[in-house]
Amino acid sequence: FAVVPTGPRIPRQVFLGGRLERLDGLAGCSSWATPPEDADPAFRGAAWGVNRPLKYRARVDPGSSHLVILGLCEPYKTQPGLRTLVFRVEGSGDAIADPVRDGKTNIPYVYRFAACDIDNNGWLDIEVHASMSSPDPNVILNAIWMLANDTAIDDDAVIRGGLTAGA
C-alpha cells in the first residue's frame, strides 16, 4: 500500500490577518540570532529555506507601490561569501546580499526596495534565493517591513526598531 497526502505538499502560512503569506516552506527559528541589545527583536528569529527559496506575498492594492525593507542577521557563517543571497522583490531589480558582509556574526543589516505590484494582481511577491555562487544553498530572512513608498527612513533607525510600529 501507499500513503499519499491528499492536500498540498507544504501548506502556506498566513500572517497579519491574511495580509502576508509564506509560500512553499515552514522552516524557521524564533531564537536564530543574537543581535545587539538595541536591535529590533525581529532580527532574533529567522525563516529559512532548506535547499529552496523563501517565497512570500503581501496583499496590496492592485498596481500600488511600496517601500519594502528586508532584514538579515547571520549567527553561524563567520566570513563573507559563505551564504550569498539574491533578494527578488516585485517591481524592483534583484539584489545580492551577504549576511556577513563586514566579517562579523550577529550584525543586523537591512536592504531597501522600491516595490510595485507590476502584474496588478493585488499581491506583492518577495523572494530570497541562494545566489548561483553561494556555497550554501540554504537561505535565511529575519525580517520584512513594508511601508508607504514615500517613507523617509534611516537604516539605523530600522535596525533599532524605530519603524516597526509604523510598518
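**Figure 1. The whole chain runs as β-β-β-β-β-β-β-β-β-β-β-β-α along the sequence.** This is a predicted model. The protein chain holds twelve strands and one helix. Its radius of gyration is 16 Å, close to the 15 Å that the globule rule gives for 167 residues, so the chain is as compact as a globular protein of that length. Along the principal axes, the C-alpha atoms fill a box of roughly 55 × 35 × 30 Å.

**Figure 2. Contacts and burial in the protein chain.** Of the 167 residues, 41% count as buried. Take the contacts with a separation of 6 or more: 70% of them join residues 24 or more positions apart.

**Figure 3. The surface and its charges.** The protein chain has an accessible surface of about 8,800 Å². Carbon and sulfur atoms account for 52% of that area. The chain carries 16 positive and 20 negative charges. The mean positions of these two sets are 6 Å apart.

**Figure 4. Trp-32 and Trp-48 form a tilted aromatic pair.** The count of aromatic pairs comes to five. In this one, the ring centres of Trp-32 and Trp-48 lie 5.3 Å apart. Their planes meet at 35°, so the pair is tilted; edge-to-face would need over 60 degrees, and stacked under 30. Trp-32 sits in the loop between strand E3 (28-29) and strand E4 (46-49), while Trp-48 belongs to strand E4, so the pair ties together parts that are 16 residues apart in sequence. Trp-32 is buried, with a relative accessible area of 11%. Trp-48 is partly exposed, at 23%. The cut-off for buried is under 20%.

**Figure 5. Phe-87 and Phe-113 meet edge-to-face.** Here the ring centres are 6.0 Å apart. The planes of Phe-87 and Phe-113 stand at 85°, so this pair is edge-to-face. The pair links distant parts of the chain. Phe-87 lies in strand E7 (residues 85-89) and Phe-113 in strand E9 (residues 109-116), 26 residues apart. Both rings belong to buried residues: Phe-87 has a relative accessible area of 0%, and Phe-113 has 3%.

**Figure 6. Trp-32, Trp-48 and Tyr-76 make one aromatic cluster.** Two members of the cluster, Trp-32 and Trp-48, are the tilted pair of Figure 4. Tyr-76 belongs to the cluster as well. Within this group, Trp-32 is buried, whereas Trp-48 is partly exposed.

Note on methods. Residues are numbered from 1 along each chain as its sequence is written. This is a predicted model: local features need pLDDT of at least 70, side-chain atom pairs count only at pLDDT 80 or more; totals for chains, interfaces and linings use all residues. Side-chain values use heavy atoms; hydrogens and water are left out. Helices (H or I, at least four residues) and strands (E, at least two) are DSSP runs, numbered from the N terminus. The radius of gyration is taken over C-alpha atoms; the globule rule is 2.2 Å times the number of residues to the power 0.38. Buried means under 20% relative accessible area, exposed over 50%, partly exposed in between (1.4 Å probe, protein chains only). Contact means heavy atoms within 4.5 Å. Accessible areas come from the Shrake-Rupley method with a 1.4 Å probe; for residues, only the protein chains shown count as cover. Lys and Arg count as positive and Asp and Glu as negative; His and the chain ends are not counted. The place of a charge is taken as NZ of Lys, CZ of Arg, CG of Asp or CD of Glu. Rings of Phe, Tyr and Trp (its six-membered ring) pair if their centres lie within 6.5 Å; planes under 30 degrees apart count as stacked, over 60 as edge-to-face and the rest as tilted.
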